[in-house]
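Here are my notes on the model you sent. Please read them with the structure open beside you.

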Amino acid sequence: VLAPALELLVAELDSLGSLGMEERADATGAVLLLAYFPAGSVDAGVLTAAAARCGARWLGCEPVPPADWDRSWREGLGARCIGGLWIRPSWCASQGLPELVLDPRQAFGTGEHATTRLALRLLLEQLRPGDRVLDVGTGSAILALAALRRGAVPAVGVDCDPLAAREAAENARLNALPLQVVCGTPDALDPAHGFEVVVANLLLAQLEPHAAQLGRLARRALILSGSLEAQRPRLDALYAATPWRPVRELTEEQSGDRWLARVLHARSRQS
Ligand SMILES: C[S@@+](CC[C@H](N)C(=O)[O-])C[C@H]1O[C@@H](n2cnc3c(N)ncnc32)[C@H](O)[C@@H]1O
């Protein structure tokens, strides 16, 4: 498939009932698109015609050996210890305490992504017992629940996605932790009620419009994750004209991307 035709072909195959698609590069660097269909659900002629309409070359059909996909997916996920805290799905036996039990559902945040792990390590380093913690873009609430498990009082999780807000509240209930969930953006919060630690695992473009408000809400530490190392100049520019200064940084590579997370302290509070 040539790149301009790819989107069109993906849309065509989707409308024909594909269960999922996978892009790979062939030996020449061209895109090879694998589309999965229930056996016998679509005629090879229909697929050949769809490929031709999109300027792609049809390579053929192959049966996929039967497998217990749900089981293999579950087997790929296990308990992880991040910053001294165990995170495990409910089907894994406990490996130690303290722990959080989080099953992967639709909201982001099981510890499988580098940005979550970086944010969690920095959060647990910065946290002191009794800190008030705000988790912006809480997703599954992994960060806010970790803070509560390690002595934060209170922790508030904010997410603009109602589905994430529901899952965050459900995860808090399952872990018997008193998380306060706000469905919205950090602009809904009053800076008069500050938080010793504000953590935000957001893509840089999502963080940028709210950076000033996070600076107003944080009292001691601001923890930012979700930017690529290549975006460092944009991240530096966010707080350059404020008292917030980077004091610690971690990076981690995942699938060819190097992610960056940092802690900022307010200059007047550092000395
Ligand atoms: C990368 S996930 C982080 C989830 C979790 N905190 C973690 O570290 O794994 C980002 C989350 O931020 C939410 N989000 C994006 N923009 C937001 C905004 N402006 N205000 C609140 N939440 C936002 C998304 O819905 C998503 O759940």
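The numbered points below go from the whole chain to the ligand site and then to individual backbone features.

1. Overall make-up. This is a predicted model. The chain has 271 residues, and 42% of them are buried. Ten helices and twelve strands are assigned along the chain. Along the principal axes, the C-alpha atoms fill a box of roughly 70 × 45 × 30 Å.

2. Ligand surroundings. The ligand is surrounded by 19 residues, and T116, G137, D159, N201 and H210 are the closest. Two side chains come to 2.6 Å from a ligand oxygen atom: a polar atom of T116 is at that distance, and so is an N or O atom of D159. A further contact involves the backbone, where a polar atom of T138 lies 3.3 Å from a nitrogen atom of the ligand. Taken alone, the ligand exposes 600 Å², of which the protein buries 88%.

3. The second largest pocket. This pocket holds about 530 Å³ of space. Its lining counts 30 residues, with G137, D159, N201, L202 and Q206 nearest the centre. G137, D159 and N201 are thus named both here and among the residues closest to the ligand. At least two lining residues come from each of α4 (114-126), β6 (133-136), α5, β7 and α6. By class, the lining comprises 13 nonpolar, 14 polar and three charged residues.

4. T138. This residue sits in the loop between β6 and α5. Is T138 buried or exposed? Its relative accessible area is 3%, so T138 counts as buried, the cut-off being under 20%. While its backbone faces a ligand nitrogen atom at 3.3 Å, the side chain of T138 makes a polar contact of 2.6 Å with the side chain of D135.

5. Helix α5. Why can α5 be called largely enclosed by the rest of the structure? The helix covers residues 142-149, and seven of its eight residues are buried, so the description holds. The buried residues are I142, L143, A144, L145, A146, A147 and L148. Just after the helix, G151 has a positive phi of about 105 degrees.

6. D161. The loop between β7 (155-159) and α6 (162-174) contains D161. D161 is partly exposed, because its relative accessibility is 34% and that class runs from 20% to 50%. A polar atom of its side chain lies 2.9 Å from the backbone nitrogen of L163. The C-alpha atom of D161 is 8.7 Å from that of G137, although the two residues are 24 apart along the chain.

7. The cavity. How many cavities of 30 Å³ or more does the structure hold? There is one. The largest cavity contains about 70 Å³ of space. Its lining is made up of L77, G78, R80, I87, R88, P89, L102, P104, T110 and E112. Five of these residues are nonpolar, two are polar and three are charged.

8. Cis peptide bonds. Most residues other than glycine have a negative phi, and most peptide bonds are trans. The model has a cis bond from L97 to P98, with omega near -5 degrees. P98 belongs to the loop between β4 (85-88) and β5 (99-101). Another cis bond joins V153 and P154, with omega about -10 degrees, and P154 lies in the loop between α5 and β7.

9. Positive phi outside glycine. A176 is not a glycine, yet its phi is positive, at about 55 degrees. It is placed in the loop between α6 and β8 (180-183), and its relative accessibility of 67% makes A176 exposed. S255 is another residue other than glycine with a positive phi, near 50 degrees. The loop that holds S255 runs between β11 (244-254) and β12 (257-266). With a relative accessible area of 74%, S255 is exposed too.

Conventions:
Residues numbered from 1 in each chain as written. Predicted model: local features only at pLDDT ≥ 70, side-chain atom pairs only at ≥ 80, totals over all residues. Heavy atoms only, no water. Buried < 20%, exposed > 50% of the residue type's maximum accessible area, 1.4 Å probe, protein only. Helix = DSSP H or I, 4+ residues; strand = E, 2+ residues; numbered from the N terminus. Polar contact = N/O pair within 3.5 Å; in protein donor to acceptor, adjacent residues only side chain to side chain. 1 Å grid on protein atoms, 1.4 Å probe; cavity = no way out; pocket = protein on both sides within 12 Å on 5 of 7 lines; lining within 4 Å. Points joined across faces, edges and corners; volume = space filled by probe spheres on them. Nonpolar A, V, L, I, M, F, W, Y, C, P; charged D, E, K, R; others polar. Near = heavy atom within 4 Å. Areas by Shrake-Rupley, 256 points an atom, 1.4 Å probe, with all protein chains shown as cover.
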